[in-house]
Amino acid sequence: MANFDLMRRLTRPEGGRIILLVMDGLGGLPIEPGGQTALEAAETPNLDKLAVEGTTGLTIPIARGITPGSGPAHLALFGYDPLRYDIGRGILSAFGVGLHVDVGDVAARGNFCTVDENGIVTDRRAGRIPTELNARLIEKMRSIEIPGVEIVLATEKEHRFVLVLRGDGLDYSVSDTDPQVTGKPPLEARALKPEAERTAEIVNEFVSKVRQVLKDEHPANMVLLRGFATDPNLPKFDDIYKLKAACVAVYPMYKGVSRLVGMDVLETDAHDTPADEFRRVAKAFEDGYDFVFCHVKGTDSRGEDGDFEAKRRVIEDVDKALPILLELKPDVLIVTGDHSTPASYKSHSWHPVPLILWAPATHLPDRVERFGERACANGGLGHFQATDLMPLALAHADRLDKYGA
Ligand code: ZN
């Protein structure tokens with residue numbers, strides 16, 4: 001991981017501007033033996049030019065052979081050891097929708113679900129109800145009161161919402177109520193250590209009141225809770241790296257992980273294309289940010305759909321829009337993914353992730369001539385831990401002092 005004490009000591013408040021462009025789940029595998037990956041098959045003249053001019057490599061998100069979730073994979077790109085900072089889903093969701101969570105508050109990720117007359121879960125996502133219905137149900141649930149605890153609820157998207165409990169003596173060491181399968185009733189929340197007994201009781205009381213409030217609704221007539229967590233109080237970007245950092249992302253979770261590390265989250269629209277997002281990066285530079293993290297979700301979503309061609313097209317859209325970023329003349333532009341999502345897997349995988357580090361004043365060009373998994377395997381950066389990326393970015397932006405005399 002990035003050594004934060006060393007970073008605090010060596011980082012300069014002035015220096016070049018950095019863009020970190022993350023195509024979620026960028027890495028992939030050939031769809032057939034001997035074939036190309038989606039990235040290799042994509043027409044990407046702009047990315048290929050960056051690969052020719054810059055330095056390339058493959059990152060290891062967590063450890064060799066470990067398939068990451070997007071939360072820990074992004075923490076790693078930001079320099080945080082994801083095995084040390086194990087962030088609960090609840091806190092990512094809460095920060096993602098911009099809820100205030102203090103150290104000691106307890107946040108959980110909620111799903112609206114459908115249960116039958118015997119209380120058995122028949123759909124864990126309640127048919128992915130529209131966000132508008134979610135908002136109406138949340139409004140109803142705001143009538144629920146439990147003595148001694150403040151209950152904060154917020155709509156996330158479709159069937160997803162966030163619960164935050166605020167009060168004295170709460171503890172997040174509580175088990176999920178989501179059974180993860182249909183055909184079973186929701187689970188009772190259990191305390192995972194004695195100090196969390198009261199919190200588990202509050203959660204169970206809350207859930208039983210929700211059941212009453214939603215009993216005449218359909219299909220969303222119950223909720224499932226998981227990922228209980230509190231603010232992990234991570235070191236922040238301005239403290240460790242002396243960067244004024246911003247996030248351009250459309251999906252709430254990525255805004256959440258960015259807020260956790262102290263980035264400002266810029267306004268986006270749910271329908272933003274890569275080109276729209278890149279124009280927001282331009283605005284961020286105008287507004288004086290010197291580090292912008294820009295997140296493109298489509299590569300991962302299409303990979304999870306198992307749609308190789310659609311994933312390829314997302315990569316081509318990013319390539320077409322890339323001149324918007326290049327016109328900003330960033331001192332450092334990094335293009336990579338947080339992990340691999342091969343269309344043939346329809347899920348995340350452990351395979352290392354291609355990366356370009358382009359910094360015209362400081363990079364050492366290698367002999368790689370295009371952006372792709374196998375090309376980057378021959379790159380000058382070799383295989384390296386994603387947590388080493390931030391020190392490399394800072395060095396290439398001339399933001400690190402010498403270590404020792
Ligand atoms: Zn991801």
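1. D338 is buried, with a relative accessible area of 2%; buried here means under 20% relative accessible area, exposed over 50% and partly exposed in between, with a 1.4 Å probe and protein chains only. D24 is likewise buried, at 0%.

2. The model is predicted: local features need pLDDT of at least 70, side-chain atom pairs count only at pLDDT 80 or more, and totals for chains, interfaces and linings use all residues. Residues are numbered from 1 along each chain as its sequence is written, and side-chain values use heavy atoms, with hydrogens and water left out.

3. Both aspartates serve the zinc ion, which is coordinated by D24 (OD), D24 (OD), S70 (OG), D338 (OD) and H339 (NE2) at 1.9 to 2.8 Å. D24 lies in the loop between β1 and α2 (38–41), and D338 in the loop between β11 (332–336) and β12 (353–358), so the pair ties together parts that are 314 residues apart in sequence. Along the chain the donors follow the spacing D-x45-S-x267-D-H. Donors are N, O and S atoms within 2.8 Å of the metal (3.2 Å for Na, K and Ca); water is not among the atoms, so sites may look incomplete.

4. The protein chain contains 14 helices and 13 strands; these are DSSP runs numbered from the N terminus, helices being H or I of at least four residues and strands E of at least two. Its radius of gyration is 22 Å, close to the 22 Å that the globule rule gives for 405 residues, so the chain is as compact as a globular protein of that length. The radius is taken over C-alpha atoms, and the rule is 2.2 Å times the number of residues to the power 0.38.

5. Of the 405 residues, 57% count as buried. Among contacts (heavy atoms within 4.5 Å) between residues at least 6 apart in sequence, 75% join residues at least 24 apart.

6. In helix α11 (residues 298–305), the buried residues are G298, T299, D300, S301 and G303. These residues pack against β1 (18–23), β10 (291–296) and α12 (308–326). Just after α11, G306 takes a positive phi of about 75°.

7. R259 is found in helix α9 (residues 252–260) and is partly exposed, with a relative accessible area of 28%. Not counting residues up to four places away in sequence, R259 touches F95, G96, V97, G98, K236 and V265. The C-alpha atoms of R259 and G34 are separated by 42 Å, the two residues being 225 apart along the chain.
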